[in-house]
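The following exercises concern the arrangement of secondary structure elements in a single protein chain. Each task is followed by a solution that proceeds step by step.

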Amino acid sequence: DEHSLHITISAYQLNSWTDLLEKLLPAALTAASQEDLQFREGLPRDFLLNMGVAHEENKSSAREQFMDKVKKLMTKLIDYAPVDAACDQMGKKLMHSVLPPALELSEKARTVLGDGEKWNSTKNSVVNRVEIDPDTSIRLIRSTAVRLVAEEDSVLVYFSTENTREYQEVGEQSLEVGSDLAPAVEHLITSYPAWVKVEELPLEELEDRMKVAGDLWERGILMTNEPLEAHYDDP
């Protein structure tokens with residue numbers, strides 16, 4: 001006998017309809033039980049006398065009525081299924097597992113990775129201090145690098161830009177934006193790959209638009225149309 005080495009490559013892992021339904025059905029049942037009285041009605045007192053493996057061949061009317069009721073409730077359940085929310089949970093999980101976006105050098109030069117503050121040991125100071133202005137054109141570095149997710153009482157942006165090449169070496173990366181600032185992130189997601197000026201983000205206050213752009217920029221989620229001009233550097 002000789003030893004052998006085998007390598008298994010898995011693609012599309014945990015990305016099936018079953019995986020989606022595992023998240024969707026419990027949420028649908030919770031919503032249905034809260035909103036529809038039929039889901040909270042008590043079971044027939046004699047259902048154990050007609051249901052179960054021992055009664056599979058039973059053709060009684062009580063059994064047929066029970067099965068009809070189950071089918072009716074299962075059909076109604078789809079009306080309460082939060083499909084988008086379940087898909088967001090799938091996307092949230094993906095953000096933790098995928099590799100970080102691969103950027104070309106010209107792209108990297110327009111992100112915080114290539115166009116942000118750096119420590120200059122010769123000057124013994126921070127250099128290349130850049131600022132995003134209201135008329136700066138921005139977009140996501142990749143449409144697949146972020147996921148906007150509503151959770152409990154807030155809204156968070158999950159992202160993959162700070163992941164490493166080792167599988168789940170770092171924890172989940174997220175930024176809380178809240179429901180007030182979420183429209184700006186949604187606009188960037190739906191506008192991709194078009195460029196959007198910071199001042200055009202759909203928020204009432206310019207201060208909020210600048211905050212969203214700054215927070216996303218610092219986490220490597222945004223790129224600018226042109227490299228930013230450095231400010232406050234000593235000559």
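**Exercise 1.** State which strands helix 3 lies across, and at what angle helix 3 runs to strand 5.

*Solution.* The model under study is predicted.
- Helix 3 lies across strand 5 and strand 6.
- The angle to strand 5 is about 130°.

**Exercise 2.** Describe the sheet that contains strand 5 and strand 6, including its order, its edges and the pairing of these two strands.

*Solution.*
- Three strands form an open sheet in the order 5-6-7, and their pairing is antiparallel.
- Strand 5 (146-151) and strand 7 (174-176) are the edge strands; each has a single partner strand, so one side of each has no neighbour in the sheet.
- On average, neighbouring strands of this sheet are turned by 25° against each other, direction ignored.
- Strand 5 and strand 6 (residues 154-159) run antiparallel and are joined by six bridges.
- Within this pairing, valine 157 of strand 6 is the residue opposite leucine 148.

**Exercise 3.** Classify the packing of helix 1 against helix 3 by angle and handedness, and list the residues in contact.

*Solution.* Two packed helices are described by the angle between their axes and by the distance between those axes.
- The axes of helix 1 (residues 17-35) and helix 3 (residues 83-97) come within 9 Å and cross at roughly 125°.
- Angles of 65 to 115 degrees count as roughly perpendicular and those over 145 as roughly antiparallel; helix 1 and helix 3 are therefore oblique to each other.
- The crossing of helix 1 and helix 3 is right-handed.
- Helix 1 contributes Asp19, Leu20, Lys23 and Leu24 to the contact, while helix 3 contributes Val83, Ala86, Cys87, Gln89 and Met90.
- Sorted by class, the contact of helix 1 with helix 3 comprises six nonpolar residues, one polar residue and two charged residues.

**Exercise 4.** Determine the strand order of the sheet that contains strand 4, and find the bridge partner of isoleucine 138.

*Solution.*
- The order of this open sheet of three strands is 8-4-9, with antiparallel pairing.
- Strand 8 (196-197) and strand 9 (222-224) are the edge strands, each pairing on one side only.
- Strand 4 (residues 137-140) runs antiparallel to strand 9, and three bridges join them.
- Isoleucine 138 has threonine 224 in strand 9 as its bridge partner.

**Exercise 5.** Set the radius of gyration of the protein against that of a compact globule of 235 residues.

*Solution.*
- The protein has seven helices and 10 strands.
- A compact globule of 235 residues would have a radius of gyration near 18 Å.
- The protein has 26 Å instead.
- Along the principal axes, the C-alpha atoms fill a box of roughly 90 × 70 × 30 Å.

Notes. Residues numbered from 1 in each chain as written. Predicted model: local features only at pLDDT ≥ 70, side-chain atom pairs only at ≥ 80, totals over all residues. Heavy atoms only, no water. Pairing = 2+ DSSP bridges. Helix = DSSP H or I, 4+ residues; strand = E, 2+ residues; numbered from the N terminus. Axes fitted to C-alpha atoms, helices over the stretch in contact; angles between N-to-C directions. Parallel < 35°, antiparallel > 145°, perpendicular 65-115°, else oblique. Left-handed = near helix turned anticlockwise from the far one by under 90°. Contact = heavy atoms within 4.5 Å. Nonpolar A, V, L, I, M, F, W, Y, C, P; charged D, E, K, R; others polar. Rg over C-alpha atoms; globule rule 2.2 N^0.38 Å.
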